Amino acid sequence: MKRCSSADSCFGNYLEKRGDINTAFDRLEDQSVKCGYGQNGVCCRLCSNGPCRITPDSPKGVCGATADTMVARNFLRSVAAGSACYLHVAESTASRLKSIASGISPIPLRSEKSVHELAVLLGIEGSSTNEKAGRIADAVLADLYRPRIDKMELVSKLAIPARVKKWQELGIMPGGAKAEVFDAIVKTSTNLNTDPVDQLLHCLNLGISTGLYGLAMTNLMNDIIMGEPEIGIASTGFSVASPDYINIAVSGHSHSVFAGLITLLESDKGQQIGIKAGAKGIRIVGLTCVGQDMQLRASASGKNVFVGQAGNNFTQEALLATGAIDMVISEFNCTLSGIEPIAERYKIKLICLDDVAKQSSAAMLNDVKGQELKLAEEICVIAADQYRLRRSQITIDVPEHGYDDVVTGVSEKSLLKLLGGNLTPLIELVKNGTIKGIAGILGCSNLAAGGHDVNTVALTRELICRDILVLSAGCTTGGLANCGYCSLSAKELAGPGLKAVCEKLGIPPVLNFGPCLAIGRIEIVVSELAKALGVDIPQLPVVISAPQWLEEQALADGCFGLALGLTLHLSQPPPILGSAIVTKVLTEDLVNLTGGKVIVEMNPAVAADKLQQVINEKLAALGIGV
Amino acid sequence: MRKKLIDKSKCVGCKNCELACIMVHSKTPFPFISSAAGEIVQSRNKIELDADGKLFPEFCRHCDEPSCVEACISGALTKGEDGLVVCDQNICIGCFMCVMSCPYGMARPSVKNDGAMVKCDGCRGRESMACVDACPQRCLSQTDTEDERNGQVIYV
Amino acid sequence: MKYVIIGGSAAGIAAAAEIRKVDRKGELTIICKDKFYYSRCQLHMVASGKTTVEQIRLKPTGWAEDMGIKFMSGKTVFGLDTTNRTVTLDDDQTVAYDRLLIATGTKTFFPPLEGISGPLTFGLRNLDDALAIKEAGRTAKNFTIIGAGLVGVELAAELVKAGVKVNLVELAKYPLPLQLDQVCGAKCSKMLADAGVKLYFGTPAKKLHRSPEDAKPVALELASGEKIATDVLICAAGVTANTDFARRAGIDSRKGIIINDQCLTNIPDVFAAGDVAEYVDTVNGLWQLTAVWPTAVRQGKVAGINMAGGSASIKINTGMKTAISVMGTHFISLGQISNTKPEWSKHVFRNTDSRGGESIRILYTDGNALKSALLWGNVTDAGLYHEAIVTGRDISGDYLFIEGLDAAKRGRETMSVL
């Protein structure tokens, strides 16, 4: 009988104390024996002659599919699903932008500056801010909805020329993003495409649209709607949830869905709904990436409304069991099914704003363009009613947890601003060996890779010890922040070179870019570095890792990294090892195609060694002394 | 005597053996559907992880000196002529003295709250052992032998 | 060869079976008070009427004849002459032996309260006790049980389900004080109370008031002065070993008949086994009665093998293991849960499973050895904990135990290793 551990020992202690709730941390043990066929990708459930598995006695499926076909098919389908998820967020954001810009949605655009900057980048003209904003949205949606045969137009605006050229050579320039996903599903159905290499190339194609639209473009549109990130100090952890307020926890990835709610709550009218119910007001508590996005833009929106990121996705069950949360609003993932019995027990209202995220016990509210403020009011009234109903019936037990000095708000723009306007200072630090390289610690949190955030934190520590600057985006950041790695004091854990840089610039050794969407921003930084050095991305002394990748979206993100030509580290392999071809392509041959490469290594110290070796090889090739 | 041979190095954790055990012990044809309707059927074997994290298919050994039989206060557990240690569910009162005594943890409480214990019955009365038939990796096999020594369930 | 076994319960019958495995010719006689072999651990279920007498029989009629055993039931042994090697029964019969096994078990200890002697006052050691309690239950309303140990708690739980009023009196602060810690003791207490059992903790019993007309119990008075209305009194406050005739015959006894690892007493060819025997408890290294069924069976087997000329010895021997179910909640207590040593580390692990069932595991370790374990709710794998406790093996690195310990601490340890 065991409970999964957490790198966040304070959170782990709280779980120990709360033996009366059943969370993912309890369920992991009973699921710890994995089916080897599933793990290796050699189980196929596509047709009624199956399910088939590749075993010593049966090396092919009934249809004749080999392990290579099965693995590649399963992998492409997963990447397609992951890509679809991020594209949904991009689509949702773009249509909201369109609706605001055309005056239908009564919400402000918080950053006019961002409109103009993005319009310049995309080559879009207009006579007013709103006109430009509307055309930006149109351009994004047009690309997303394009047929597959039409290559998307904004790709060459968002990626550096060297990469666009490489992708054209490889034939992986994406057509309409949704059509690419659609055809990936077709390809991977029964007795259709059986060519593993074609399928892997399609994965890269999907990676490109995921990264440029799902990630980067969504961020740039969020800059417009919710304001740009600015470097600042924030509070994280369960302690942000004060029982004096009505607390609404938000779960999902689309910040723009909450634009109306935030606007209302910034006003007296919104807060009065909470005050009339007997609370001090209404606050939003961050859970999952949408919370991190709110944290990112806290200087531009949500002042005195958004109180902080409580924790990453796997902390949500325990957070709800503190009793301090009155309502959860979800519009996307990662809202765990496990919260449903806890919500019932603690009488927490579950609301859903997008049917893709509809949980069975959640109430679906219609999010109609133009009605955002009315919806916001409805939400606040429901929250206030729930507050009145529940507070006398439940016990509240919020542990002291988290940090008050977390540095947040890093983006490619705010980083440049910090460095004085361009990347030269950073490049100099790499050239003179003070900083020995740059690593992106990206993506999800999971439980299986050694414990909750255990591998992420350990790998991060190994890297910063070696003076490698870490950029983080995703639930990795949520975990690192709650372990103190995004606080200035974390510089003590860094090697001497990185520590000196931290002191000089007033930054922690881990730069907090926020949500997993911001992986796109980190990759803009990487592109800017390539431009500044006059090289292509594979030549940069930059590596990425998704040490505790969780789901299909992470696989799609990973394919973007590989398409960019970066070395990608994973602790757990994706379900590909059953195929010699797929494994070889991703870990060996790909480096000759895009320059990208997958390294699988569970041990964080060994992984850091391997990543450092990759960085050193790149530095040497650039003529930078090691 | 029908003996089971287990080569744990071949186990891939697919749990076909667990599923097969559930199927043959279920009163209804689709145990997963009926578990929603109330019948919960447990497998009598369990794939576990050893101290090094390696797969260990755990099966009842039908011991020569069964601790469970010694501990049984109701007479439900007996070792038969065929060497199999079997629990008569009609006699078992669910005291769990056997659960307390089995050094392999293979005498298990039934998941049903005040139910009896569950353990492997060696598929007594069946032509062959369900788990052995279901293993796609040839991890499990069975032999018929006159040699009654060296145990009934052997890890090779 | 004449084998004589006094006592026809767990140890006696196990010995007989072992003898007959290797010696089908020797004369084998079993002398016992019981009319037949039955499960003593299920007497509470007979007392409440839940189970019939037939249902607790462990051997069918005629089994003794089939095995060539002379089964002298309903007899008590009065005297033992170790020089002449004879046993004298209460009806003056004598039985000669070459090898003798004393497996006479224990009897109820009746606390020396004023008024204790009289009708409707029982222990619960024999079928007669159980049937008498069941009979009394047809008219009596108030059952008071002294002693909330294993017998008392199980009986209380059964009787209250059968619909009678049950009072449970216990000197300690919570039921099963040897098996449970305070937290689980409180939970057990609550379960019994919720089921309707009236609990009286911390005060000894002082006097049993009886009616002057028919001497039937009227009330049990506690030392605090409180009087509990009582129609039937049941003493479950301990047992004493049935060693009378053995002591008189010169067999060394303290709390029970002292045996060695072959179940031999100080007299050649005289063995003892089961609840009557006193031997070293593997768990705490002390000489004590190890009065649990599986241990009695094991000792009986060892005695039987040795009596028939074989060579067996007691290896693991403990009475400090209990499996019990109260009101549908199972718990298993292994080793020393009360009176733990200050140098032991206590680890508490609580969790709730996917079906909402709450479980607690409390482990005490001394260095890398597991000293005791209390499993509440989910008792799966109890046998593995039992094995670790009685063998005293090194459990460091064993996932079953490490993961059951402080998970947060482990997280910190992982961090520091890296």
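**Domains 2 and 3 of chain C**

Q: How many residues of domain 2 of chain C are in contact with domain 3 of chain C?
A: This is a predicted model, in which local features need pLDDT of at least 70, side-chain atom pairs count only at pLDDT 80 or more, and totals for chains, interfaces and linings use all residues. Residues are numbered from 1 along each chain as its sequence is written, chains are lettered from A and ligands numbered from 1 in the order in which they are written, and side-chain values use heavy atoms, without hydrogens and water. Contact means heavy atoms within 4.5 Å. Domain 3 of chain C is touched, through 11 of its own residues, by a number of domain 2 residues that is 11.

Q: Where do the bounds of domain 2 and domain 3 of chain C lie?
A: The bounds come from an automatic or database domain assignment. In chain C, domain 2 is 121-235 and domain 3 is 328-417.

Q: Which three residues supply 43% of the area that domain 2 of chain C buries against domain 3 of chain C?
A: Buried area is the accessible area (1.4 Å probe) that two parts lose on being put together, summed over both. Between these two domains about 910 Å² is buried, 70% of it on carbon and sulfur atoms. On the domain 2 side, more than any other three residues, the suppliers are C:Asp181, C:Cys184 and C:Lys187.

Q: Which residue does C:Lys346 meet in a salt bridge?
A: A salt bridge is a side-chain nitrogen of Lys or Arg within 4 Å of a carboxyl oxygen of Asp or Glu. The rule finds 1 across this interface of domain 2 and domain 3 of chain C. At 3.6 Å, N to O, the side chain of C:Lys346 meets that of C:Asp181.
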